Amino acid sequence: MHSKLVATKFVKTLGMATFVAMTFSGAPVQAAEKIIKIDGSSTVFPITEAVAEDFQKEKKIKVTVGISGTGGGFKKFCRGETDISEASRPILTKEMEACKEAGIQYIELPIAYDALTVVVSTKNNFVKSLTVDELKKMWEPSAQGKIKTWNQVNAAWPAAPLKLFGAGSDSGTFDYFTEAINGKAKSSRGDFTASEDDNVLVQGVSGDANALGYFGYAYFEENQGKLKAVPIIAKAGAPAVSPSPETVKNGTYQPLSRPLFIYVNATAAAFKPEVKAFIDYYLANAPKLVKEVKYIPLPSNEYSAVTAHWKALKPGTGFGGVPEVGVKIEELLKRIK
Amino acid sequence: MNDDVRKNNDASKNLMKYQATTNKAAVLENLDAVRAMIRRHKFNDYIFSIIGLIALMIGLLTLLTLFIELIRDGSGRFNLQFFSDFPSRRAEHAGLLSAWVGSALIMAITFLVAVPMGVAAGLYLEEYAPKNWFSDLIEINVSNLAGVPSIIYGLLALGLFVYGLGLGQSILTAGLTLGLLILPIVIVATRESIRAIPVAIREAAYAVGATKWQVVADHIVKYSYGGILTGVIIGMARALGETAPVITIGALTFIAFLPSSPISTEPPYLNFEWLSSGFTVLPIQMFNWLSRPDHAFHVNAAATGAIIIMVTLLMNGTAIWLRYRIRKNIKW
């Protein structure tokens, strides 16, 4: 009896569920409220998250942030799905064309620096510094299957196996490192341990005296006990420079320091007051918040230049679709007419 | 003639007697060998049970170690605040609120999609569908769908729900996607539990003049719903942990507000705006924390992992308990 009752109830629930499901599918799918939509690089994410958190608390305007990666973010941005796209490298020609086709203009705003840090384990006692040429010897496409031991790169180093760890090919970090070291974005040897998750790279390098890897400065800073940052010699005769907030800001850590960007939809910037308010808030609070999430803020004169650029609402990119290494931000902003 | 017969009978009796004695002798002779053989077989049994136990332990202990490790790492975060806080840049203030609400709402839609469709499809295939090449084809496809990698469902949903039907990167899209994902599980579970019902029950019902629908509603569903429920819960537990399809359709990472409430105090009391809201889910929140440089976030990730495992265990445990309770009440 009881069992039958339950069964009848079950059938009734089924019928109701179908009805409700049908009602749902007919429901209008339109967001009535103002929401600022942001997507893009996972490297820039912690900064935007910090800004979004405080902005939402203060101004009561809703903000959402996704992490589709720099490339994935631009895809959505150029379809008009997001108001702001985060990028750990400048917009590329292909993406510029996609945006142009959709009639989407953007304002390019550098908001922080990151230092790509080349690391070895604290157990490694033979690498004191690396020249860009040595890095190129390790990472260029022709090294694949050939450069397998440390002494092939520099005769002074032991004949120990060279184990490489690097960013996955979808990340802006990979694009920037290959551009800076090998001279061409995305051109790299393929036989290394690649991961989009930098903590995997930290694990891999820290345990092995013969390993070498690269990733963003924040990951090195959190793991200083296990990792050593290798000082980089930009060209023959130049001094070896370790990555640090100072060497990045004064421009001596080259060629691996890079600006991080946000791209703002120009139409949204002009016609959506909430987006305008968000960017104003972003630039005003960036010096404090960037530092708090362990990235390197721009020097204050550069923030002023970026803010002026933002106020003028000048669309376009200063790069022309090619990631360029070592360009000064003020000069970059002047290029956009 | 009679004489011959008697002779023959005697002969066969003798033969049987002879055979019996020799057999008996042979058995007596071989008794030790037989005992040895039994011992050997019992030993093989024993060896296999050891191997089986080791295999079981490898799986169980690995999971248990992982679970204990997660609980230990995340122990600092098991408090109510962790469930009532939004994500934040400060690890100790970052919480799961938007993630668990997102997961719960999506699960609700998944349930509403997968259960009616899955049960109806299972009932149709078992009770109504004619047995021909076409239903065979459907059957093969259903079993096949259960094994399709979840990312494929994500890609399908991206094309169909997000862009095709214009549902956007919403809770509704995620619920429909996961609903499709567990649909084969529900269909298979429904069919399995229907097949466990003896044919005699069906035939008895038909014999007293019940229609097909009466048989299905009064008997088939009644006797099989324990098994169906088990399949549904196991499917839901799987959907809860799914990450790939949800990322593909555009789940967010930072969302510090809740979808608008489904129930309001003013007419029409029900509000479907939440369906179109952006969302995040537990596994995505965990993945995001895990990939942060700051170790304090890894504690949050461990706590989230432990919570996901606990909820999954709880759901599967409920499924087993329900199956046991319901089976106990059914006697054919």
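Contact is taken here to mean heavy atoms within 4.5 Å. Axes are lines fitted to C-alpha atoms, for helices over the stretch in contact, with angles running from 0 to 180 degrees between N-to-C directions. The structure is a predicted model, in which local features need pLDDT of at least 70 and side-chain atom pairs count only at pLDDT 80 or more, whereas totals for chains, interfaces and linings use all residues. Residues are numbered from 1 along each chain as its sequence is written, chains are lettered from A and ligands numbered from 1 in the order in which they are written, and side-chain values use heavy atoms, without hydrogens and water.

Chain A contains 13 helices and 12 strands (DSSP runs numbered from the N terminus: H or I of at least four residues for helices, E of at least two for strands). Its C-alpha atoms fill a box of roughly 85 × 60 × 35 Å along the principal axes. Of the 337 residues of chain A, 55% are buried (under 20% relative accessible area, with a 1.4 Å probe and protein chains only). Among contacts in chain A between residues at least 6 apart in sequence, 74% link residues at least 24 apart.

An open sheet of 6 strands, with mixed pairing, follows the order β4(A)-β12(A)-β3(A)-β1(A)-β2(A)-β1(B) (two strands pair if DSSP finds at least two bridges between them). Its edges are formed by β4 (106-115) of chain A and β1 (254-255) of chain B; each has a single partner strand, so one side of each is left without a neighbour in the sheet. β4(A) pairs with β12 (residues 257-265) of chain A in the antiparallel sense over 9 bridges, and E108(A) has Y263(A) as its bridge partner in β12(A). Helix α11 (residues 273-292) of chain A lies across β1 (35-40), β2 (62-65), β3 (84-87), β4 and β12 of chain A, at about 15° to β4(A).

The whole structure holds 2 cavities of 30 Å³ or more. A cavity is a set of points on a 1 Å grid over the protein atoms alone where a 1.4 Å probe fits but cannot get out, and lining residues have an atom within 4 Å of a point. Grid points are joined across faces, edges and corners, and a volume is the space filled by probe spheres set on the points. The largest cavity encloses about 50 Å³, and its lining includes S98(B), I171(B), F257(B) and F279(B). The second largest cavity has a volume of about 40 Å³; among its lining residues are S103(B), M107(B), L240(B) and E242(B). α3(B) supplies the largest share of that lining, 3 residues.

Notes. 1 Å grid on protein atoms, 1.4 Å probe; cavity = no way out; pocket = protein on both sides within 12 Å on 5 of 7 lines; lining within 4 Å. Buried < 20%, exposed > 50% of the residue type's maximum accessible area, 1.4 Å probe, protein only.
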